[in-house]
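Visitor: I've got a model open on my screen and a few things I'd like to ask. Can you walk me through it?

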Amino acid sequence: MPHLYDYLYFVFGSNTFGKRMLIAPCLWLVIPIYQLIPNMHIGLPVALVICVLIPYLIIDRIYDRTGGRAHYVTNYFKNTKYDQFGWKALTFVAWVILWVVIPYILWKKGWLF
């Protein structure tokens, strides 16, 4: 049985842009991790490795490596109502609002970090 993340992978695709969209929730962790490490030359690379590289490699391992879920997910959602443009557009817009717009507004108001 596919999960929500499987559908998100199906919508965004297996390309680099799709994987970046899937790690969008992790990007907001860069700031607090960076603030925990006082040395700027160590803090930023550590935060980027934890919040960008590791989730990217996990997604790549789960879906795109040999025996991964990509083929199963594509076959499951292909030719269903979830494969239509409206569902994909709604999913994309909701994802961007949830992980880009709302955190940005909270950050600008000073409620986040």
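Visitor: What share of the residues of the chain count as buried?
Guide: Keep in mind that this is a predicted model. A residue goes in the buried group if its relative accessible area is under 20%. Of the chain's 113 residues, the part that passes is 28%.

Visitor: And how much area does the chain expose, and what do carbon and sulfur atoms supply?
Guide: The exposed area comes to about 7700 Å². Carbon and sulfur atoms supply a share of that equal to 70%.

Visitor: What pattern does the chain follow along the sequence?
Guide: The secondary structure has zero strands, and its helices number seven. Reading along the sequence, you get α-α-α-α-α-α-α.

Visitor: Among contacts between residues at least 6 apart in sequence, how many join residues at least 24 apart?
Guide: A contact here is a pair with heavy atoms within 4.5 Å. Take those between residues at least 6 apart in sequence, and the portion joining residues at least 24 apart is 66%.

Visitor: How far apart do the centres of the positive and negative side chains lie?
Guide: There are 10 positive side chains and 4 negative ones. Take the centre of each set, and the two lie apart by 8 Å.

Visitor: Which residue has a positive phi although it is not a glycine?
Guide: Most residues other than glycine have a negative phi. The one to look at has a phi of about 60°, and it sits in the loop between α6 (70-77) and α7 (85-109). With a relative accessible area of 72%, it is exposed. That residue is Asn79.

Technical notes
Residues numbered from 1 in each chain as written. Predicted model: local features only at pLDDT ≥ 70, side-chain atom pairs only at ≥ 80, totals over all residues. Heavy atoms only, no water. Helix = DSSP H or I, 4+ residues; strand = E, 2+ residues; numbered from the N terminus. Buried < 20%, exposed > 50% of the residue type's maximum accessible area, 1.4 Å probe, protein only. Areas by Shrake-Rupley, 256 points an atom, 1.4 Å probe, with all protein chains shown as cover. Lys, Arg positive; Asp, Glu negative; His and termini not counted. Charge placed at Lys NZ, Arg CZ, Asp CG, Glu CD.
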